[in-house]
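Welcome! Please take a slow look at the structure below and then follow along as this report walks through it, one place at a time.

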Amino acid sequence: MTSTETPLSTAGGTDRRRWFALAIVMTAAFMDLVDVTIVNIAIPSIQREAGASFGQIQWITAGYALAFAAGLITGGRLGDIHGRKRIFLVGIGGFTVASALCGLAVNPEMLVASRFLQGAMAALMVPQVLSIVHATFPAHERGKVFGLFGAVVGLGAVSGPLLGALLTEWNLFGWEWRSIFLINLPVGVAGLILGSRFITESRAPRALKLDLVGVALVTLGLLMLLYPLIRGRELGWPLWGYVSMAGALVVLAALVAYERRKSARDGSPLVELSPFKVKSFAAGIAVQTVFGVALGVFFLVWTLYMQFGLGWSPLKAGLTGVPFSIAVSVAAGMSVQQLVPRFGRKVLQAGALVMAAGVLLYLWESGHYGLGIAPWQMALPLVVMGVGMGLIVAPLTDAILSEVPREHSGSASGLLNTVQQMGNALGLGLVSVVFFGTMSDHLRPDQVGPAFVDAFRNSLGWVAAVMGVIFLLMFALPKRPAQHVEGERAVTEPKEPALVS
């Protein structure tokens, strides 16, 4: 391949292939988002049919997130170095193979190992999505593109349980829970074929090298932080877990110091620290991390509450999330295309308050109706929450990445996804405290339902408090998103990305 510089107006303004490329990478992002949540709804089936223990179930759900978070920054940098299209295709191909291994697993141990592989391949695939969008579309089009991305994020986040419920209930070909993984095969193969044709290659304009010391430090730091959170409750929160989490902070501090020296020495660090000088990026990273905590807590306890607490079937639980999905998708599109250009940061802050209001309404309803609550009674709080989430998710992504130099978009998007997964993992760890920590380990059958309702309500209180913190953090974001200013300037002063033909 030979490197050629192509004006953005040519690459992004007239090449219709970029919209096909967008559809492909968005499908891949959707596939990843669904896989994060689809397993939760099938947990009873996996326990029953695969004979998995509670500890193995933990690893089936958390192994994916652990491998995903640990590899995201490296995946983003590999795209910068070797080409985002190439690494994306490697990732989606590996993700498809890992999905097949999950579906064909002969025992819980194989399923756990395959989920780790699936998460590692997603870490190669996902960072390229925003990087390809950032390098392919001109600034004045990115608002619309990120609005679509926000809709996909919202749809993927809640359609996983619904899709998992349908596939589990239908029991296609007698596969039972296996179909939630095997469904990825045709989608992955299509993405691999179409992606090789329609995605335009791009990479950092100057030669970079993979920072292996940085890879080791970031992986070690995240493992030391996430492993105790995932295993803590199961092992009784041992002392070594707290020591490991404290040590993780030391390792991550060493990573920052090393990356500064690495950047000064040869300009090729794993984590590009210069984006943190951009206020919108630094503030957005903080918001994204805390937002990940809120979502990590809510989606897990919501699933446990409906299936184990209320005793609902997977299909009934999955269908209950449809109003939330629709609300997120509609609000995300309106947020970026209509509201943010006019009202700026206030839209994101309104989203945090609206989502908190929905959570508090849900908390009240779950206490008022108790075990007799019906799906239609959950619709109002879920719609309010969905609108709030939609107002946040799409413009937040744009605010974080809009001012990041294109040559570092892979590293920046990898870091963005990593902190989101770290937030989710922190939320998963907090579930042991805010949900399971409120109930006894030995419950009679008649005590299970009320205990789960009380634990759910306690968790919702924590989620509402976190949304209040997010509202305050958003004061550090720019009042007017930079992408709109850049987009107006880009009409007459287009920037040039590094494209490879």
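Ala-327 is a buried residue, because its relative accessible area is 10% and the cut-off for buried is under 20%. You will find Ala-327 in helix 14, which covers residues 322-343. Who are its neighbours? Leaving aside residues up to four places away in sequence, Ala-327 touches Val-383, Gly-386 and Val-387. Another residue to look for here is Met-389: it sits 62 residues from Ala-327 along the chain, and the two C-alpha atoms are separated by 8.7 Å. Please keep in mind that this is a predicted model.

Now let us step back and view the whole chain. The protein chain has 501 residues, and buried residues make up 60% of them. Its fold contains 19 helices and three strands. How do distant parts of the sequence meet? Take the contacts between residues at least 6 apart in sequence: 85% of them join residues at least 24 apart. On the outside, the chain exposes about 19300 Å², and carbon and sulfur atoms supply 67% of this area.

Next come two helices that invite a simple check. Helix 12 runs through residues 279-309 and has 31 residues; at 1.5 Å a residue it should span 45 Å, and the 43 Å between its end C-alpha atoms agrees with that. Is helix 12 largely enclosed or largely open? Of its 31 residues, 25 are buried, so helix 12 is largely enclosed by the rest of the structure. After helix 12 comes Gly-311, with a positive phi near 75 degrees.

Helix 15 passes the check as well. With 25 residues (345-369), helix 15 should span 36 Å, and its end C-alpha atoms are indeed 36 Å apart. Just after helix 15, Gly-370 takes a positive phi of about 60 degrees.

A positive phi also turns up at Trp-237, a residue other than glycine, where the value is near 50 degrees. Trp-237 belongs to the loop between helix 10 (212-235) and helix 11 (239-266). With a relative accessible area of 26%, Trp-237 is partly exposed, because partly exposed residues fall between the 20% and 50% cut-offs.

Let us turn to the second largest pocket. About 290 Å³ of space lies inside this pocket. Its lining consists of 16 residues, and those nearest the centre are Ile-73, Leu-252, Leu-255, Phe-276 and Leu-415. Which helices supply at least two residues each to this lining? They include helix 10, helix 11, helix 12 and helix 17 (409-434). What kinds of residues line the pocket? By class, there are 14 nonpolar residues, one polar and one charged.

Phe-276, one of the residues nearest the pocket centre, deserves a visit of its own. Phe-276 lies in the loop between helix 11 and helix 12. Its relative accessibility is 33%, so Phe-276 counts as partly exposed. Apart from residues up to four places away in sequence, Phe-276 touches Phe-281, Ala-282, Ile-285 and Leu-415. The last of these, Leu-415, is also among the residues nearest the pocket centre.

Two further buried residues complete the tour. Met-125 is found in helix 6 (residues 108-136), and its relative accessible area of 0% makes it buried. Beyond residues up to four places away in sequence, Met-125 touches Ala-28, Asp-32, Phe-88, Gly-91, Ile-92 and Phe-95.

Val-453 is found in helix 18 (residues 445-473). Val-453 is buried too, with a relative accessible area of 5%. Setting aside residues up to four places away in sequence, Val-453 touches Tyr-305, Leu-310, Ser-366 and Leu-371.

Here are some residue pairs that are apart in sequence, with the distance in space given from C-alpha to C-alpha.

| Pair | Apart in sequence | Apart in space |
|---|---|---|
| Ala-327 and Met-389 | 62 residues | 8.7 Å |
| Phe-276 and Val-404 | 128 residues | 9.2 Å |
| Met-125 and Lys-85 | 40 residues | 9.4 Å |
| Val-453 and Leu-304 | 149 residues | 9.8 Å |

Try finding each pair in the structure above. As you do, remember that among contacts between residues at least 6 apart in sequence, 85% join residues at least 24 apart.

How values were computed
Residues numbered from 1 in each chain as written. Predicted model: local features only at pLDDT ≥ 70, side-chain atom pairs only at ≥ 80, totals over all residues. Heavy atoms only, no water. Helix = DSSP H or I, 4+ residues; strand = E, 2+ residues; numbered from the N terminus. Buried < 20%, exposed > 50% of the residue type's maximum accessible area, 1.4 Å probe, protein only. Expected span 1.5 Å × (residues − 1). 1 Å grid on protein atoms, 1.4 Å probe; cavity = no way out; pocket = protein on both sides within 12 Å on 5 of 7 lines; lining within 4 Å. Points joined across faces, edges and corners; volume = space filled by probe spheres on them. Nonpolar A, V, L, I, M, F, W, Y, C, P; charged D, E, K, R; others polar. Contact = heavy atoms within 4.5 Å. Areas by Shrake-Rupley, 256 points an atom, 1.4 Å probe, with all protein chains shown as cover.
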